[in-house]
Amino acid sequence: MAKKLKVVKSTISHTWDHTKVGCVLLEEGKAEPFEPGQKPTLVPVWDKNMCVRCGLCYLFCPDAAIKRGEDGYFEANLNYCKGCSICHKECWFGAISMMEER
Amino acid sequence: MDKFALYVPQLLPFKEHFLPEAHRACMGCGVALGVRQVYKALEEKREWMKGARWEIPYKQPLPGNLTKSEQEGKEGLRPALLQIDKGNQTHLFLCFDNEAVEGKYSPKVFKKAHPAVAVARGFHYVATACPSYPFDLIDKVRRGMESEGNSYLHILSPCPVGWGFESELTINIGRYAVECALYPLYEVVLGSYRLTIDHPKLRPVEQYLSMQKRFAHFKQKEISALQVEVGKIYDKLRAGKM
């Protein structure tokens, strides 16, 4: 005898069965307008007292997530950051620490 | 390297043509980093292709699609060479090498045949580069664009998943590969070799191999044999021969 599975109604309004067959996007264009998937578990945090604004973190970021702000200090866009912690490793002054995102 | 005598990343253009929205690389990817740095170099030099997401024509060969001789690098330049024969235009070819095609990781991995083939086919400018040395790479791309004939760049791109190391070590691994002379950075202008980054004292090969899981099966005998071979090749390069 096969076990009977309980059917649970989901409370989320937008589930997989609301998408089109095969998860095909019917709109024309590229991936640009969509937000990338999940956010990283580890996130770079700058200590502005130690940072000398040299830009090494910006140079070595493979995801082009780090950008210069108006004040000259660098910031990571957490939509694009994947948490590889290259910037933390390459910073000469130890200004970047990897923190768990809340 | 004249323009980049100072190690100042802020002198580079801040505009990104390599857009992060669309690329699906793993974290700490060497290829993504290499491509991004190449874009920095090409900033003013070319009219950007509209439509393509990476804004530059590219081909991604999968290991299964290649013949055995292509995998060993003897005929790996075939698409490039076919493209050359078509017209009078000159091209800059970039090869991002993450050493994944070789299959078994044997000492063969370190023999880069592509640059030698390119030199033999009469490319005007041939060079090897690594994203761990960004200003060297950017300089080489610019020289390749300026050269009158065809040019070829071989770019080592460390792969954290394939090679078996932590994603934060991507830059370090590239540096180690150059410092222990398994991947020497040189350029070939009209057939004459020149080392662009020359370390007076080389790092032992074992340090580089022990950082990665893919060389876990290497025995001490193989490592010492590899060390001797590397020394010979590097001495040749220093003398300007190959």
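Helices and contacts in a predicted model

Q: Which residues of α1(B) and α5(B) meet?
A: Keep in mind that this is a predicted model. On the α5(B) side, the residues are B:Pro134, B:Leu137, B:Ile138, B:Val141 and B:Arg142. Their partners in α1(B) are B:Gln37, B:Val38, B:Lys40, B:Ala41 and B:Leu42.

Q: How do the residues of this contact between α1(B) and α5(B) divide by class?
A: Let's sort them into groups. There is 1 polar residue and there are 2 charged ones. The nonpolar group numbers 7.

Q: Are α1(B) and α5(B) parallel or oblique to each other?
A: Two packed helices are described by the angle between their axes and the distance between the axes. Here the axes lie 9 Å apart, and the angle is about 50°. Angles under 35 degrees count as roughly parallel, and 65 to 115 as roughly perpendicular. The angle falls in neither range, so α1(B) and α5(B) are oblique.

Q: Which element gives the most residues to the side of chain B that touches chain A?
A: In this contact, 22 residues of chain B meet 24 residues of chain A. Two elements of chain B give two or more residues to that side: α7 (170-179) and α1 (30-42). The one that gives the most, with 3 residues, is α1(B).

Q: Where does the largest share of the largest nonpolar core come from?
A: In soluble globular proteins, nonpolar side chains tend to be buried together. The core here has 64 residues, and those with the most contacts inside it include A:Cys57 and B:Cys130. Its largest share is 7 residues, and they come from α1(B).

Terms used: Residues are numbered from 1 along each chain as its sequence is written. Chains are lettered from A and ligands numbered from 1 in the order in which they are written. This is a predicted model: local features need pLDDT of at least 70, side-chain atom pairs count only at pLDDT 80 or more; totals for chains, interfaces and linings use all residues. Two residues are in contact if their C-beta atoms, placed from the backbone, lie within 7 Å. Helices (H or I, at least four residues) and strands (E, at least two) are DSSP runs, numbered from the N terminus. A nonpolar core is a set of buried Ala, Val, Leu, Ile, Met, Phe, Trp, Tyr and Cys residues joined through C-beta atoms within 7 Å. A residue is buried if 20 or more other C-beta atoms lie within 10 Å of its own, exposed if 12 or fewer, and partly exposed in between; C-beta atoms are placed from the backbone. Axes are lines fitted to C-alpha atoms, for helices over the stretch in contact, and angles run from 0 to 180 degrees between N-to-C directions. Angles under 35 degrees count as roughly parallel, over 145 as roughly antiparallel, 65 to 115 as roughly perpendicular and the rest as oblique. Ala, Val, Leu, Ile, Met, Phe, Trp, Tyr, Cys and Pro count as nonpolar, Asp, Glu, Lys and Arg as charged, and the others, Gly among them, as polar.
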